[in-house]
Amino acid sequence: MTPPSDIQTGRRAGDPTGLHRVLDEAVVLPQAAQRLDTRAELWPDEVRVRVERLNLDAASFRQLERKHQHDGDAVRAEVLDIVATRGKMQNPETGSGGMLVGTVEEVGPESPLGLRVGDRVATLVSLTLTPLVVEDGLAQWDGRSEQVPCDGYAVLFGRSIAAVVPDDLDPALSLSVMDVCGAPALTARVVGEYAARGTRPTVAVIGGAGKSGSLSLAAARQAGAARTIGVVPHEAERDLLTGAGLADVVAVADARDPIALRDAVTAAGGPADVTVVCVDVPGCEGGAVLATADGGTVIFFSMATSFSAAALGAEGLAADVRMLVGNGYVPGHAAYAMGLLRADAGVRGLFERRL
């Protein structure tokens with residue numbers, strides 16, 4: 001296929017950020033756009049992927065479940081409506097999307113991504129900025145899980161990121177890991193900064209039994225943490241995380257209760273030098289700040305986080321903490337997360353149980 005010319009379409013010239021796919025009147029990047037151009041014809045630096053499976057991010061899926069009272073048909077209908085209306089999967093309530101796995105079916109002659117036709121890939125950029133067309137009505141999905149069998153296509157830009165799916169792992173397992181691979185990589189970087197200064201930090205992971213949480217605990221230990229604390233919301237998850245052996249101490253607390261969270265982390269050996277927030281519910285900002293020692297670091301990896309609440313809450317508490325927003329990308333993050341999965345039976349067991 002040949003790319004449509006700018007004269008024919010009246011659209012902007014091709015841009016590696018995907019700006020030319022934005023249909024809004026205002027000049028915004030694809031993630032902020034209300035609607036994207038989903039035509040199958042490629043600009044020279046683009047790649048088209050035949051989609052096999054979507055992975056909705058946890059915050060988005062939980063919001064849709066709550067809104068539709070666990071009615072899978074209603075959840076599926078809303079996802080289809082979002083994609084058809086916006087040309088991408090971006091939950092209007094949470095602003096988040098997820099990622100996908102599929103097979104490369106066409107590569108533009110100027111694509112810098114290093115992909116070839118036939119490569120089976122997982123995208124490491126959000127569905128909130130990825131042009132997407134669903135062609136099967138999501139007929140094979142019951143609307144009751146984050147993983148969505150799907151037939152359709154998606155378009156990657158010159159500055160997109162994708163990784164070839166490993167041959168030795170179930171594609172669904174690979175997708176689950178790659179969906180959250182930024183979390184362990186950034187956790188390892190921050191813990192490594194402490195180690196470089198001759199300090200072994202205490203690391204607390206809020207939501208430690210989840211996907212990003214379990215990987216972050218494994219990463220913290222591997223990077224040199226002196227103590228790892230996994231915080232979970234109830235006894236069943238405490239048993240799971242204890243059995244996985246990923247945390248030195250497992251504490252039970254409602255992360256939305258700031259005092260309960262602070263006290264649980266303190267009782268487990270805190271306050272933490274590094275607190276990693278991996279839960280998919282809003283209202284956890286204050287507790288994360290209170291659970292962190294002065295001069296410590298809070299890493300927010302949840303799309304349910306209110307960053308204004310975090311900043312203003314820390315100010316109101318006179319808390320001297322560094323706050324980082326996990327943006328999902330650290331160089332080498334996919335390979336690093338896959339390495340953790342292969343090396344740690346506890347992590348793998350938690351992931352496989354979710355599948």
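In the predicted model, Thr103 stands opposite Arg120 of strand β3. This pair belongs to the antiparallel pairing of strand β2, residues 98–107, with strand β3, residues 120–123, which extends over three bridges. Strand β3 also pairs with strand β6, residues 162–164, again in the antiparallel sense and over three bridges. In that second pairing, Thr123 has Ala162 of β6 as its bridge partner. Strand β3 thus takes part in a pairing with β2 and in a pairing with β6.

Helix α2 spans residues 58–67, and its buried residues are Ala59, Ser60, Phe61, Gln63, Leu64 and Glu65. These buried residues pack against strand β1, residues 47–56, and against helix α3, residues 72–86. At the start of α2, the backbone nitrogen of Ala59 lies within 3.1 Å of a side-chain oxygen of Asp57. Gln69 follows the helix and has a positive phi, near 50°.

Residues of α2 are also contacted from a loop. Asn91 is located in the loop between α3 and β2. Its relative accessible area is 1%, and Asn91 is therefore classed as buried, the cut-off being under 20%. The side chain of Asn91 forms a polar contact of 3.0 Å with the side chain of Ser60. A further polar contact, of 2.9 Å, links the side chain of Asn91 to that of Gln63. Both partners, Ser60 and Gln63, are among the buried residues of α2. When neighbours within four places in sequence are left aside, the residues in contact with Asn91 are Ser60, Gln63, Leu64, Ile82 and Ser96. Of these, Leu64 is likewise listed among the buried residues of α2, and Ile82 falls within the range of α3, residues 72–86.

A second loop residue, Thr38, is found between α1, residues 6–9, and β1. Thr38 is buried because its relative accessible area is 18%, and the limit for that class is under 20%. Residues up to four places away in sequence not being counted, Thr38 touches Arg21, Gly87, Pro131, Leu132, Val133 and Tyr153.

Open and enclosed spaces were then examined. The second largest pocket holds about 300 Å³ of space. It is lined by 15 residues, of which Ser145, Glu146, Gln147, Arg354 and Leu355 are the closest to its centre. Four elements, namely β1, α2, α4 (171–179) and α12 (345–354), each contribute at least two residues to the lining of this second largest pocket. Helix α2 provides the largest share of that lining, with three residues. By class, the lining of the second largest pocket comprises seven charged, four polar and four nonpolar residues. Helix α2 therefore both supplies residues to this lining and, through its buried residues, packs against β1 and α3.

The structure contains one cavity of 30 Å³ or more. The volume of the largest cavity is about 40 Å³. Its lining is formed by Val277, Val279, Val281, Pro282, Gly283, Cys284, Glu285, Ser302, Ala304 and Thr305. Six of the lining residues of the largest cavity are nonpolar, three are polar and one is charged. The charged residue is Glu285, because Glu counts as charged.

How values were computed:
Residues numbered from 1 in each chain as written. Predicted model: local features only at pLDDT ≥ 70, side-chain atom pairs only at ≥ 80, totals over all residues. Heavy atoms only, no water. 1 Å grid on protein atoms, 1.4 Å probe; cavity = no way out; pocket = protein on both sides within 12 Å on 5 of 7 lines; lining within 4 Å. Points joined across faces, edges and corners; volume = space filled by probe spheres on them. Buried < 20%, exposed > 50% of the residue type's maximum accessible area, 1.4 Å probe, protein only. Contact = heavy atoms within 4.5 Å. Polar contact = N/O pair within 3.5 Å; in protein donor to acceptor, adjacent residues only side chain to side chain. Pairing = 2+ DSSP bridges.
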